Amino acid sequence: MASSNDHLVQSDDPNHPANLIPSLCAKFWHLGWVTGTGGGCSIRDDDLVYLAPSGVQKELMKSSDLYVMSLAAQSASLFKRQRIYLREPKGLKPSQCTPLFLAAFTKRRAGCCIHTHSQWAVLVTLLLESQNKNVFEISHMEQIKGIGKGFEKSGNLGYHDTLRIPVIENTAHEEDLTEFLEEAMDEYPDTYAVLVRRHGVYVWGENVHKAKTQCESLDYLFQLAVEMKKLGLPWIRSPELVNLQAQYK
Ligand SMILES: [Zn+2]
């Protein structure tokens, strides 16, 4: 069945998911987001889900390495771990991230989900661990405007809003994170990302453009937060400072 559906990953269009995933993964590898085959990216085009395989060097990935599945067929599947693929590459294994990407597609109707092992994301989770916290919060930063207001809400967060990203604990196997990721989505219905302690972050968006810009904005904010902590600066601006600024308007 697998070889009969090779046409699903063959296109001359650079914006076709089968071409976008390898080109995005190569870009993410250069950012240090998907080093050593960790991390990845998946795109949903209507009912079709395109996925990178497990263990492939992300900067060298080809369209022919991709898995393709039908989202509707998965929800009809009785066994959660039994995945039905429309197209399977020869000699490769499906990514352990698959059920986490599917959670973003089914629970948030995302069009794209990106998973990075960015050191900035990992460091933020370590800083929060030292404070016994399981949510990252930052306010009064211009880059917050790069993040959407929430699921089915139009527009983006504003400069005065506080961005909150939940943190879940890491598990021995990536796929075991799924139920905790889903719980975090339920608890923070407006979040577009979930941090994983000592591991990285999952970021999604309505489409590839939104997922990518949100992932970039978050990585910028995570790096900034780590540098701020080094300088002893708080992530949430104190009310006194807000009042002082209002006084001089
Ligand atoms: Zn991972």
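## Notes on a predicted model, starting from Ala 121

1. Let's begin with one residue. Setting aside residues up to four places away in sequence, Ala 121 touches Thr 116, Leu 195, Gly 200, Val 201, Asp 219 and Phe 222. Keep in mind as you look around that this is a predicted model. Ala 121 sits in helix H4. Is Ala 121 buried or exposed? It counts as buried, because it has 28 C-beta neighbours inside 10 Å, and 20 or more is what it takes to be called buried. One more thing to try on screen: pick the C-alpha atoms of Ala 121 and Gly 205, which are 84 residues apart along the chain, and you'll find them separated by 18 Å.

2. Two of those contacts, Asp 219 and Phe 222, lead us to helix H6, where they meet a group of H4 residues that includes Ala 121. On the H4 side the full group is Trp 120, Ala 121, Leu 123, Val 124 and Leu 127. On the H6 side, the partners are Asp 219, Phe 222, Gln 223, Ala 225, Val 226 and Lys 229. When two helices pack, people describe them by the angle between their axes and the distance between the axes. Here, the axes of H4 (residues 119–130) and H6 come within 8 Å and cross at roughly 50 degrees. That angle is why H4 is called oblique to H6. As for the handedness, H4 passes H6 in a left-handed crossing.

3. Now for the sheet. It is an open one with nine strands, and the pairing is mixed. If you want to walk across it, follow the order E4-E3-E2-E1-E5-E9-E8-E7-E6. The edges are strand E4 (85–87) and strand E6 (135–139), each of which pairs on one side only. Going from one strand to the next, the twist averages 25 degrees. A bit of background: strands of a sheet pair through backbone hydrogen bonds, either parallel or antiparallel. Which sense do E7 and E8 use? Strand E7 (residues 162–168) and strand E8 (residues 193–196) pair in the parallel sense, over two bridges. For a spot to check by eye, find Val 167, which stands opposite Leu 195 in E8.

4. Helices pack on this sheet too. Helix H1 (residues 17–30) touches strand E1 (40–45), strand E2 (48–51) and strand E5 (112–116), and its direction makes about 155 degrees with that of E1. Our friend H6 (residues 208–230) also packs on the sheet, touching E1, E5, E6, E8 and strand E9 (200–205). The direction of H6 makes about 145 degrees with that of E9.

5. Have a look at helix H3 (98–107). How many of the 10 residues of H3 are buried? Eight are, so H3 is largely enclosed by the rest of the structure. The buried ones are Thr 98, Pro 99, Leu 100, Phe 101, Leu 102, Ala 103, Ala 104 and Phe 105. What covers them includes strands E1, E2, E5 and E9, along with helix H2 (71–76) and helix H5 (178–187).

6. Two loop residues have a backbone angle worth a look. After H3 comes Arg 109, in the loop between H3 and E5. Arg 109 has a positive phi of about 50 degrees although it is not a glycine. Arg 109 counts as partly exposed because it has 13 C-beta neighbours inside 10 Å. Asp 46 has a positive phi as well, about 55 degrees, and it isn't a glycine either. You'll find Asp 46 in the loop between E1 and E2. With 9 C-beta neighbours inside 10 Å, Asp 46 counts as exposed.

7. Last, the annotated positions, both from an unreviewed UniProt entry. The record's "binding site" annotation covers Cys 97, which lies in the loop between E4 and H3. Cys 97 counts as buried because it has 24 C-beta neighbours inside 10 Å. Leaving aside neighbours within four places in sequence, Cys 97 is in contact with Gly 40, His 115 and Glu 174. The record's "active site" annotation covers Glu 142, found in the loop between E6 and E7. Is Glu 142 buried or exposed? Exposed, because it has 9 C-beta neighbours inside 10 Å.

Terms used
Residues are numbered from 1 along each chain as its sequence is written. This is a predicted model: local features need pLDDT of at least 70, side-chain atom pairs count only at pLDDT 80 or more; totals for chains, interfaces and linings use all residues. Two strands pair if DSSP finds at least two bridges between them. Helices (H or I, at least four residues) and strands (E, at least two) are DSSP runs, numbered from the N terminus. Axes are lines fitted to C-alpha atoms, for helices over the stretch in contact, and angles run from 0 to 180 degrees between N-to-C directions. Two residues are in contact if their C-beta atoms, placed from the backbone, lie within 7 Å. UniProt positions are given in the numbering used here, feature names are shortened, and annotations may be inferred rather than shown by experiment. A residue is buried if 20 or more other C-beta atoms lie within 10 Å of its own, exposed if 12 or fewer, and partly exposed in between; C-beta atoms are placed from the backbone. Angles under 35 degrees count as roughly parallel, over 145 as roughly antiparallel, 65 to 115 as roughly perpendicular and the rest as oblique. A crossing is left-handed if the near helix is turned anticlockwise from the far one by less than a right angle, and right-handed if clockwise.
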